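Colleague: I'm new to this one, and I'd love a close look at a single part. Could you walk me through it?

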Amino acid sequence: MVSAGDMNGSGNLMDFLDEPFPDVGTYEDFHTIDWLREKSRDTDRHRKITSKSKESIWEFIKSLLDAWSGWVVMLLIGLLAGTLAGVIDLAVDWMTDLKEGVCLSAFWYSHEQCCWTSNETTFDDRDKCPQWQKWSELLVSQSEGASAYILNYFLYIMWALCFAFLAVSLVRVFAPYACGSGIPEIKTILSGFIIRGYLGKWTLLIKTVTLVLVVSSGLSLGKEGPLVHVACCCGNFFSSLFSKYSKNEGKRREVLSAAAAAGVSVAFGAPIGGVLFSLEEVSYYFPLKTLWRSFFAALVAAFTLRSINPFGNSRLVLFYVEYHTPWYMAELFPFILLGVFGGLWGTLFIRCNIAWCRRRKTTRLGKYPVLEVIVITAITAIIAYPNPYTRRSTSELISELFNDCGALESSQLCDYINDPNMTRPVDDIPDRPAGPGVYTAMWQLALALVFKIVITIFTFGMKIPSGLFIPSMAVGAMAGRMVGIGVEQLAYHHHDWIIFRNWCRPGADCVTPGLYAMVGAAACLGGVTRMTVSLVVIMFELTGGLEYIVPLMAAAVTSKWVADAFGKEGIYEAHIHLNGYPFLDVKDEFTHRTLATDVMRPRRGEAPLSVLTQDSMTVEDVETLIKETDYNGFPVVVSKDSERLIGFAQRRELILAIKNARQRQDGVVSNSIVYFTEDPPELPPNSPHPLKLRRILNLSPFTVTDHTPMETVVDIFRKLGLRQCLVTRSGRLLGIITKKDVLRHMAQMANQDPESIMFN
Amino acid sequence: MFTQCTRKCASSMLLIVLLCCILSPLAQASKSSEDIRCKCICPPYRNISGHIYNKNVSQKDCNCLHVVEPMPVPGNDVEAYCLLCECKYEERSTTTIKVIIIIYLSVVGALLLYMAFLVLVDPLIRKPDAYTQPLHNEEENEDARSLAAAPTPSGARANTVLERVEGAQQRWKRQVQEQRKTVFDRHKMLS
């Protein structure tokens, strides 16, 4: 291969400050990689190492190290991802409470940590202690009353605005790629697209720091999607340390798939769910080797997070619940209702959010990103503070909704009217009528539900790191809990109805509202993201209850069916289409009867195909061709008359090769002839030195005939990861089909705007 | 295979050293008395209101009899009362919390200072360079320029550390500016 500027490995430390020299074999920004070439380069590398390993002991050891480097990378990714997730969790915990008050004994303690050793806590107020004071107590030494409430309200809003403003400023100044969820872009990157800087070190740092800030500011967003981005940044960072991965974009994407699994694993405390999420949602090609390595990375990450122990009780996620109350067949009906609600909400959210994001993209709203963040934060804080269910962080809300009401709970949601003579142990609680606290909680939850549904539409997609999992789960949990309490009270007041008589005898507690909350959360999350298996696995890893698989599956399947009836795309695919990324979805089916000749370029009436000939063009001709057109590559034919195909040459490699030749080789001038043949013919002595470029020629470009159905062509592009495909007839070159042409054609067939495919 | 990593090893070594600085005090932290507790929650019973008891005992002593003091019920009722109570052993690491929060605050503070420097001080220091090429037509002319441009004088590299740092910083700022244009101005990505 033409070696353009080998990186001097023995240079001194300051070499990393110099500008990196572009290598032959690397790709430009916003281009697609050539999967087949990456695969063959990796096979070559492996074969070379294997053949050299027989030479000496040192070579053998090097081959062993090369084989283990994959596992070392996974280990490092797991460690760093787990550490960052622990840091994020602890910092969020502290900063969320900072909005309401501060711990006087040690300012770095959150509310719960501050009162951990205190003896002042009561049964009703589990977190009361003199060391932790609200702001009104601190500033004006008043803790009750209207002025204290107003002061606390005001300071809550101020802190939220301060965090949000700081976050959006950091994103804007240091790493603009750190905004958004990250999963649509990572899906595109894993399908072969190059976005330089998206997984860089500054993006990693800023995303971690600002994620804490925005979650603490009380905005209606989660941290799971951004954690996947953070984990992929870690993956990119560690894979650049080993040349096996840094020089091969295909192998690097295997590492990124595993890193995505580690990211979900630490976000939910669900290693298996993380691997399945990576397989189902994020990755494009997922060979079996990646499955085992992803699992390893996810386990290491979960173990690291557990040893940091952010929640003080060796649990990985704040809303880990573990109850084993049984559920009954008749309850499948409300579960399926919750599934329908989840599907409907998912459709509504996707449509409204995409409409709002499109408006942000095309109108003047998009010119004021900082102002938009501040306004949305202010609205969220102002409306969220009065309702106790929205004032606290969404994770705590979900935790409370998932929890079952035993005798030990004293929250408003568990304010049932107890029988004063009850002396039975904790687990055997009879069913009870709802007390006034429960009714208050119900209408507060209803208000909170409406608020969350509306505000999340405007929050997701702003120029700050924002995830979607937690708000969806919150919406579903609130709806589920309300349905659960409704069913529970229905069962209490109407024991003699047919549906209750069989399984709910009077005096027994048969309905667990917490389970309904979980099922609702799964349904809403499934309706938005259209996850299937990974959702169920994540939910039962979150809860630890294998007996609830059937309700979760019923709700997930129902919500997916209902949501798919309205639109095929999940939220991430919808955002990919909105942004115009060149992502060829493996889930789409192409069922139209068009042929390759309908899609190929040049069409009838267009300029003929720009080709290179194998031995009759000069360097100047080639340079002119490159300058006048912006194609990514040029087919090489035998001659202009007989257009028999020899191979395909990439634009970038032509440019680099010509530049190198002009600098290094003697005698190569503008009049030199470019030869793509094996042996250039003997030339008369005073003709300019020929330029041999056979090495950069791809001798096996993919070709189809012009009557190949587009169904097959799309399948070939998907399965092999091609960038372009040449069309021939009777051996003569007719035209070219690129991935962008395929995507445009698919958009046209689906009656979408074909001009929305923007990137190369 | 490892010879290529010298450039990147510098930045990666820094990160690994930082990680060790974080993790070693955490690993060496011994359990202080503040870090463990046994928490017993006892619901209301007859005419006694609910109460929470905290005590600093080890895991095998974490049960109702050891922790609930003074016992609010007479001797024959103790068993019934203790059946209602639920005791949990909890651990935490105060050193971890302190270290992580302080590191996080210092990182945020450093970023704030650097941001203030970049936004306020930097434009005043740098005199506008008359020879700096305008960047907006970069994309269209890049290929043509790379063909036609004179070979970059590879021998005349900036030799002093300060100039190299400056060059790296300039390159980084250009990259961020490109990113900002793509995301914020042209709305080509991440909308």
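At what angle do the axes of helix α17 and helix α18 of chain A cross?

Modeller: Happy to help! This is a predicted model, in which local features need pLDDT of at least 70, side-chain atom pairs count only at pLDDT 80 or more, and totals for chains, interfaces and linings use all residues. Residues are numbered from 1 along each chain as its sequence is written, chains are lettered from A and ligands numbered from 1 in the order in which they are written, and side-chain values use heavy atoms, leaving out hydrogens and water.

Helix α17 covers residues 436-459 of chain A and helix α18 covers residues 469-493; helices here are DSSP runs (H or I, at least four residues), numbered from the N terminus. Their axes come within 10 Å and cross at roughly 150 degrees, where axes are lines fitted to C-alpha atoms over the stretch in contact and angles run from 0 to 180 degrees between N-to-C directions. That makes α17(A) roughly antiparallel to α18(A), a term for angles over 145 degrees. The crossing of α17(A) past α18(A) is left-handed, that is, the near helix is turned anticlockwise from the far one by less than a right angle.

Which residues touch? From α17(A) they include A:Met442, A:Leu445, A:Leu449 and A:Ile453, and from α18(A) they include A:Val475, A:Met478, A:Met482 and A:Ile485, with contact meaning heavy atoms within 4.5 Å. By class, this contact has 14 nonpolar, 1 polar and 2 charged residues (Ala, Val, Leu, Ile, Met, Phe, Trp, Tyr, Cys and Pro count as nonpolar, Asp, Glu, Lys and Arg as charged, and the others, Gly among them, as polar). Among the contact residues are also A:Lys452 of α17(A) and A:Arg481 of α18(A).

Methods. Helices (H or I, at least four residues) and strands (E, at least two) are DSSP runs, numbered from the N terminus. Angles under 35 degrees count as roughly parallel, over 145 as roughly antiparallel, 65 to 115 as roughly perpendicular and the rest as oblique.
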